[in-house]
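Notebook open, coffee poured. I'm going through this one piece by piece and jotting down what I look up.

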Amino acid sequence: MNCTIEKLFRVHRFTPNERQREAIESLNDPLFLIAGPGSGKTRVLLWRTVNAIVFHNIDPERIFLSTFTEKAAKQLKDGLQSILGTVTNETGVPYDLSKMYVGTVHSLCQRLIADRRVTIERSRVKPPILLDEIDQYFHVNSGTFWKMCEEILHIEGEEFREHIRLYFGNRSSSKHETTLALISLFNRLSEENIPLKELRTYAEDQENDTFLKVVRLYEWYRNDLESKNLVDFALLQKKALDTLESNNSSSDLFSYVVIDEFQDTNRIQEQVFFKLASEHKNICVVGDDDQALYRFRGATVENFVEFPTRCNNYLSQYPKAIHLNINYRSRKHIVETYTSFIENESWVKEDGEGHYRLKDKDIKPHNQDHELSVFTTTPGLSEDVVKETASFVRRLLDEKKADDPNQIAFLFPSLKNNKHVMRMKQALEAEGVGVYAPRAGKFLEVDEAKAIFGAMIRIFGKPERQEYGGEYKAFHDWLDTCQEHIRGITKNDERLEAFINEKNSELKRCQQDYIRLLKTVTDEGWSINDNYNPGKHKRTLVKTPLLSQQTVKGLGTQRLDKFIEQRMKTGNPFTIKYILNRATSVDWNLLDIFYRLTGFPYFSHMFKLAQNGEDEGPICNLSMISEYLSRYMEQTQSVISGARLIERRLGNDFFGRYIYGLYRIGESEFENEETPFPKGRVPFLTIHQSKGLEFPYVVLGAAGKKNFGVPVVEEIVRPIIDRESEPLSKIPRFDTMRLFYVALSRAEKGLVIINLRGRGQVVDPAFKKLFEENRFPLIGDVDVTNLPKATIKEDDIPKVYSYTSDYLLYLKCPRNYMAFKKYGFVPSRTQTMLFGTLIHQTIEDLHNHLISLRGDGDA
Amino acid sequence: MHNPEMIQFIEEAFEENYELLRLEGGHSLSPHIKNQALDQVKNYWKKLRHLAENVSDTEVKLTLPQQKTPAGRIYTIQGVVDVVKEDEHINLYDIKTHDVEYVKVNKHEFEGQLNIYGHVWQSIRGEHLDNASIIATGETNELRKAKKRYSSTGDENYLLEALDKWEPEVYIEVSPERVQEYLDSFGEVVDMIEEHRYEPPTVEKLKREVTENKSFVDHVCSNCDIRFSCDAFKEYALSSSKGHSDFLKFFNDFGTENELADIIEANLEEEVE
């Protein structure tokens, strides 16, 4: 064949630099890729994979490539499709990527567990059901869990929670705070993969009763999940490791193991990766210790910094190291700024030998212009600084230096309950610049959520307020503002008012009918658990006094009679309870109501804003609400019927348990789900959210953060684990430096560092020094017309479009494509989709079966 | 007569897939709809056994990289197709769960698809190609009627006769000279997607018939959750004789009685807490 990698580089317009090329060509033996910000590591990973598949004949199925986000995995897959497509068209050799392992560690672990190559006797394994973070929260913060807690530990719940409060140094002993504390420790213990027995022995030696209790609870939690075939994220990894360890051939599954963002991996992941690479030793880790951000999730940057030693321990071989040090993202001045920033800290090890950071990175900007591109504000109070900044942003937009506000990102160490953040938002809005800040304040506090949930309170009812304070009170205050908000809307929309009232009375009717039917059942001396026999029960039930027409009809449809008859024939009759619920069910579910509400002008306007790309903020929020509603429907059940309506059960459970839970966990700052950057708005992000991203213009909203000291979980776990780690006392400092390093290195064309003064404002010493050493121009003095314009990157990896699920879908209805494909609204009825997939999959199985029956004869 | 082992294989594979999909997505089908799905697969096997037995490659991924939109964006087209080899005859075909009438009326949609796939297959991969077709496994009116008669009379001949008459295969002409046209149209759509142009279709399009007695509204809008906020749909619904002025009726459209019963039977659990 005449296809060479050089030719592919040309076709796909990629000119690798020397070190990139070396990395692409180094396939065998351990490889340690140190990739500074913007150094093109995604391309390197992409081309290295192409090199293995095309030029070294590696079956894609034998490559394991783990990324930090699903988005990164998708980008790599799209890139591979494109390049391999070129090769196939040139050489006729097809490549099947569907069996390649590309994805987040979690998704890959899920696949590993069910991979028939490693399961016992190649049997089909029922994969465990995954509890994501929100599921895990509701699993722990549940009546069952707290009851078990009392039973196992023989202690009153309240007393136990007080112990936990003291042990973790929390502010409150609420169930919520206790849940978060327990979850963080549980996860960490699982991620460290400490055997339960060892942990128990250790705990018994500690003479700390609370810790021992937590450990006993953790044991129960583990066994309970195991028995229900459930896993949380941390235990999913544990399960994958166990699967691998129980099978001798597992070390031969993959010829190449590649891990991106290795600085943010944890202990058990490290074990999984080395296990996978133990046979072929072709493990490639990519990352940057300066960008390590996820310690609070159990990540240990030492995995990366100490990789050469660990590699030698596990594989008896030191890796080859390559520094990708040319930055293609940022202008020279920006690169120089963040490089000198990180070097402001001493990273020398306590014993003076070596460093806690990889030194000599020698990061060089590709861009060589000498213009200044880092600016600051006049040092001052938040009130003044926000105005100065907002007016600068206004000028950037007026001068068309950015085509859309979403090219200017504001990054903050933290967004919650932060007056300065709110002021910044208001100042921008005063300049006519919209802001997208779903994490500033709680998500549920956005207007879209208040309006939808306000309407739902009117329809379903809400729990009564009790005499509690704190977050409980705040939640009930929020419920009140939702009601006020919807009142403001219905005042001007009689139809919406009428619709809400109608739905509410439908529910009342169902509830009353259910109670009436129950009375008939009791009066007749039946039990609702009796088998339903239409001949015996139907007439009497129908004659129940005051029953509504709808319910009478519901008891007697032909279709139902037929269905019942069938079930009786097969010896599987319904109970009376089922029939009662069926007759008193409404025709709609929560999502149906949501979509109808969005048909009223207040909401339909939001769809219009998105349709022409004017403002995507509100529709992103609506889409998120649809996801929360569907999650609730999955947790409970989707049909709304009599039994769920009596005693306001639905409203109490939905608002009092579910929405309350969301309201409280909404405090987390560190979501890593893919954040949308709606057109028409300036995004406000936490620095964590900005990981891996770049923006033409970046404003660092605060040049310092509060020091919260050493994380408690870190203190608890450190004595149990036995390996070299960064000293506890250094952790807060190191993590702060890394956090700001990430922030500073996101900017392409221009970077503004806000310089705050005044009470309560922290300016980090490293920034003080930076300001002193570099007299950054003030934004007020900058001639915006001279700044470079934001450009769309030419070298973006091309996206893959499907004929049927993109092109045809869009042509059919662009608006439907927008909602369900682009913004990810969750449809209320999925029957058609499930129907189609089921048929296609079964026909595919049939074809494969026929092919295998034929043998390899003519295939 | 139809190979009982194969029917059994289909039933088992179907059940297994259903369970996995249900666990994954948390959604269910009513027994009635589930049966319809199973019937589609069985009918496919009964009617098109010769095709199924000659499938040489299932779910073949075809990729067309380095395409350029009118606005200059680079993108990749991807599609999946089945390949059948029968006595050196090579046929590309794609299975759709629509009924055959829908496919015939909307043939243009599939012409673009199979022409682009055919282009990748022939011109780019340099493989031979004789024919391309769509297999429409959806239940036709005739099949539905025959099934009803069979269930009320027990006479299997009704079914066999209907199956015999059923023509689920729709040939699609592959004409290399038209490929560029289809590719241009694809590129325009990619630009519109990237440029956030998401206006709904016109009311005229909503009224247009997509099959003999079904309009675009019946086919697309009535399954679309966001129709209530859609100007085009609103205009259609409020101007037609049925819905005008009664807005509650407009919002209370939750589907036909049968659809509602399907939803209940799929989702109402025996134990309601």
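**Strands, helices and the A/B contact**

I started with a pair of strands in chain A: β12 (residues 408-412) and β14 (residues 682-686) run parallel and are joined by three bridges. Checking who faces whom, I found L411(A) opposite L685(A) of β14(A). Note to self: this is a predicted model.

Next I wanted the whole sheet around that pair. β12 and β14 belong to an open sheet of six strands in chain A, ordered β11-β16-β15-β12-β14-β13, with parallel pairing. Which strands sit at the edges? They are β11 (374-376) and β13 (435-436) of chain A, each with a pairing on one side only.

**Another sheet in chain A**

I then looked up the open sheet of six strands that reads β3-β2-β6-β7-β1-β8 in chain A, and its pairing is parallel too. At its edges I have β3 (101-104) and β8 (320-324) of chain A, and each of these pairs on one side only. I also noted the twist: neighbouring strands are turned by 15° against each other on average, ignoring direction.

Inside this sheet I picked β1 (residues 31-35) and β7 (residues 283-287) of chain A, a parallel pair with four bridges. There, I34(A) faces G287(A) of β7(A).

What packs on this sheet? Helix α3 (residues 41-55) of chain A does, touching β1, β2 (63-67), β6 (256-259), β7 and β8 of chain A. The direction of α3 makes about 170° with that of β2(A). I also logged helix α13 (residues 267-277) of chain A, which lies across β2, β6 and β7 of chain A and runs at about 155° to β6(A).

**Where A meets B**

Over to the contact between the chains. I get 88 residues from chain A and 79 residues from chain B in it. Which helix gives the largest share of chain A's side? That is α36 (residues 831-854) of chain A, with 20 residues. By class, the side of chain A that touches chain B splits into 35 nonpolar, 34 polar and 19 charged residues.

I also found strand pairing across the chains: β17 (residues 799-802) of chain A runs parallel to β2 (residues 74-86) of chain B, and four bridges join them. One match I wrote down is V800(A), whose bridge partner in β2(B) is T76(B).

For confidence, the predictor gives the complex an ipTM of 0.94 and a pTM of 0.86. Chain B averages a pLDDT of 89, and 96% of its residues score at least 70.

**Inside chain B**

Chain B is split into domain 1 (1-47), domain 2 (48-194) and domain 3 (203-267). I checked the first two: the C-alpha centres of domain 1 and domain 2 of chain B are 21 Å apart. Eight residues of domain 1 are in contact with ten residues of domain 2 in chain B. On the domain 1 side of that contact, I have two nonpolar, three polar and three charged residues.

Last entry, a helix pair. The axes of α6 (residues 141-153) and α7 (residues 157-165) of chain B come within 8 Å and cross at roughly 170°. So α6(B) and α7(B) are roughly antiparallel to each other. From α6(B), the residues in contact include L143(B), A146(B) and Y150(B), and α7(B) brings Y158(B), L159(B) and A162(B), among others. The class tally for α6(B) with α7(B) is six nonpolar, no polar and five charged residues.

Terms used. Residues numbered from 1 in each chain as written. Chains lettered and ligands numbered in written order. Predicted model: local features only at pLDDT ≥ 70, side-chain atom pairs only at ≥ 80, totals over all residues. Pairing = 2+ DSSP bridges. Helix = DSSP H or I, 4+ residues; strand = E, 2+ residues; numbered from the N terminus. pLDDT = per-residue confidence, 0-100. Axes fitted to C-alpha atoms, helices over the stretch in contact; angles between N-to-C directions. Parallel < 35°, antiparallel > 145°, perpendicular 65-115°, else oblique. Contact = placed C-beta atoms within 7 Å. Nonpolar A, V, L, I, M, F, W, Y, C, P; charged D, E, K, R; others polar. Domains from an automatic or database assignment.
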